[in-house]
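Colleague: I am new to this structure and would like to go through it with you. Could we begin with the terms?

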Amino acid sequence: MKVLLSWMREFAPIDGEPSFLAEAMTDLGMVVESVTTTGPSWEGIVVAKVLALRPHPEADRIQLVDVDAGDGEPLQICCGAFNMAVGDLVPLATVGTTMPGGLEIGRRKLRGQWSNGMICSAAELELGEDAEGILVLEPDLTVGADLAGALGAESDVLFDLDIEGNRPDALSVVGVTRDLAARLGVPFSLPTPTFSEVEPSTAAQASVDIQAPELCSRFGIRVLDNVSIGASPRWLASRLTAAGMRPINSIVDISNYVMLELGQPNHTYDLGRVPEGRLGVRMARDGETLVTLDDVQRRLTPEDGVITNGSDEPIGLAGVMGGASTEISDSTTRVLLEAAVWDRMTIARTSRRLNLRSEASTRFERGVDPFGIERALDRFVELAGEICGAKVATGSVVAVGGLAEPLSVPVRTARMNKILNLSLTAAEMAALLDPIGFSSTPTDDGLMVAVPSWRPDCEIEEDIAEEIGRHHGYDKSGTRVPTPTQAGALTRDQRARRRVRRTLLGDGYSEAMPMPFLAPDDLAMAGLDAAGISLANPLVAEESVLRTSLLPGLLKAVARNQSHRIDTVRLYELGRVWQPSDDELPNEYELVAAIGSGHGPTGTVERPETAAEAGVRSLYRMAAELGLRGLAVVNADVPGLHPTRAAEVRFRGNVIGSVGEVDPRVLENYGVAGRASWFELEVAPILAAMATPARYEPVSLYPSSDVDLAFVTPDDVAATDVAKTIEKAGGGLIRSVRLFDVFRSAQLGAGHRSLAYQVRLQADDRTLTDEEVADIRRRCIDEVARAHGAELRG
């Protein structure tokens, strides 16, 4: 909504710097997006009088014009227009002037004759679209006067406002001014339109019949005769242009002007094309058609409202657009003027279905004042009488349909103060509401507030609180954390999930949230069972299958990062997957998975470990942090993972996930460079384990001892099994066993590898002696050799 300061001043003595006024309107909820100083760029353009006209001796399409620019001396101008006469007043751009379009005026020769300036057209002054002829001015202007001053085209301030959907009243100059005047504490008034009326009356020439009262609450009409349609006066055209509307002709421009000023859309009919002046309001019939003003034939449905003529033929689409059959033309002299109030939802459905959005439909959708149509009709005929010489028929005709009763809202002072964090009295609240049209009467616990008819958005007590808060100033409310009526808290599982996230964040992973939908071949590309669950109504084919694993989505995320030259990426996701089942609904699981890219054969730049080792390390770190005692890793073939660097994750006797290195072929399918670590676990067993109270053990005060053991074992012996054997052999004095090296060579023999462990020993009640450490070391070596056929590597 664009509003001129000069326009607002017609209803209230608005004063102050534009920046101050913009801040006040923004504080009231009418956010000012821009403030522009408007007015014509006519510096150097003056009123000149034509003294003589003569042909150009060397050009047929140019004439020589002598003008008086105010000093009484003739000044020769070369001009290509021929619509002026001696004695006419015309706008003259003097030498040195910069035109609104950027053209600089200089003294130039045209075919041997000097031109000392330029006589201007309306288009060159940006006063209209006529570029063919010179703009001939009114004869009573002063020769030599600045054109801007002579035409009253002074500078103005234009505010561009962003109006929210719950402020229909602010879609008008009057509504904005009323709000701003109340904030500034200045009087606001609506002048009563004045005009003369003649017989016959409107009722004798036209009538209205509302057949669908649920569609139209009030429908008013007036009749104008002897209408002379032409160009609008410059002041009106300038205001419409500033407001973003193109001037068309006097009647159309008056209609738009009244809508912008009062917020009430209106429509004009050529009364000669409306038999007997009879109008009707009803719902359209299925398949009925109407050619609208844009010359498009519209097929209507029973959900559309129409205005009909005396033959019950549609001549207008209610609240959206008029019909071409009754359109005003240059030859129109008798006008039937209409202003109505339509059902908001009906207008919204029709405008959306037909893709017909207009300034009128926007206002009807948000709600207009049902009791404002008389003022809109009167304002229109006032302007039509002044501008078009129209004769106004006596009286108006207003038909009433389904009109809602005026609304009053009980307001409790204590409730208002609690909502707004204030301590106002009922009288102070009434003083804030009264200037914006909300009248109130005292009650035992507050006020009974009568909602004005132009505020259909206000229906409940909280709406009144908003009005009080806006005009008192939200900045005066202070800050306060609301006290809930019932204390809330995270559930046990919610807290556990947050702990899982914090653990992975602490290990250097960032959370990713891929879409749960995959392309049909994504599962196969990830080395997984391609029998996913297809969606019946996917938005796009690339997202038509429900995921059965988190692997495809995280691989896509890694590939996207690497395409932006971020090679080393560590991502995790906590999300749901769906597996096919024999039941009507699929099996749904919650998983947590983590992937790390950028690994080479010996690890990443940051950490010298292989991808599989990195995945296992992250898994064990999370298990330790979450208290998942007994979690084990067992070598196994896992779809999507490396054939020899993958394992199942077992916990409390069940397989709950997998860990290892992503299969290089899968990485190639997704365009991921290097090697990638991976683990994926079911969340439900983790949450169940975390529900068990944590068991704390005292920290030993005695020093620990570290022993390194390297065993040559067959490839089919799991490193985790060796670690368990070492722990068991320690007899309760082993605090940790960490695999820190895996080594293969020809000297070890085919099918064998070296596993090197760091074993930490510590007692709770003493410092272990060298003999005790040596004895534990020997027991560990013997037990590993016996259980796994391993040899200590020298």
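Modeller: Two strands pair if DSSP finds at least two bridges between them. Helices (H or I, at least four residues) and strands (E, at least two) are DSSP runs, numbered from the N terminus. This is a predicted model, in which local features need pLDDT of at least 70, side-chain atom pairs count only at pLDDT 80 or more, and totals for chains, interfaces and linings use all residues. Residues are numbered from 1 along each chain as its sequence is written, and side-chain values use heavy atoms, with hydrogens and water left out.

Colleague: How many bridges join strand E3 to strand E4?

Modeller: Seven bridges link E3 (residues 45–56) with E4 (residues 59–68), and the two run antiparallel. Leu53, for example, has Val65 in E4 as its bridge partner.

Colleague: Which strands form the open sheet, and in what order?

Modeller: The order is E5-E4-E3-E6-E9, five strands with antiparallel pairing. Strand E5 (74–79) and strand E9 (118–119) are at the edges with a single partner strand each, so one side of each has no neighbour in the sheet.

Colleague: Let us turn to helix H7. Is H7 largely enclosed or not, and why?

Modeller: Twelve of its 13 residues are buried, so H7 is largely enclosed by the rest of the structure. Buried means under 20% relative accessible area, exposed over 50%, and partly exposed in between (1.4 Å probe, protein chains only). Among the buried residues of H7 are Ile251, Tyr257 and Leu262.

Colleague: What do the buried residues of H7 pack against?

Modeller: They are in contact (heavy atoms within 4.5 Å) with several elements, including helix H4 (173–184), helix H6 (234–242) and strand E14 (267–270).

Colleague: And what is found at the ends of H7?

Modeller: At the N-terminal end, Asn249 is the cap, with a side-chain oxygen 3.2 Å from the backbone nitrogen of Ile251. After H7 comes Gly263, with a positive phi near 80°.

Colleague: Which residues have the most contacts inside the largest nonpolar core?

Modeller: That core has 93 residues, and those with the most contacts inside it are Met8, Phe159, Leu161, Phe219, Leu279, Leu336 and Trp342. A nonpolar core is a set of buried Ala, Val, Leu, Ile, Met, Phe, Trp, Tyr and Cys residues joined through side-chain atoms within 4.5 Å. Helix H10 (residues 373–388) supplies the largest share of this core, eight residues.

Colleague: Which residues does the second, separate core include?

Modeller: Ala526, Leu591, Leu667 and Val672 are included in that core of 29 residues.

Technical notes. Polar contact = N/O pair within 3.5 Å; in protein donor to acceptor, adjacent residues only side chain to side chain.
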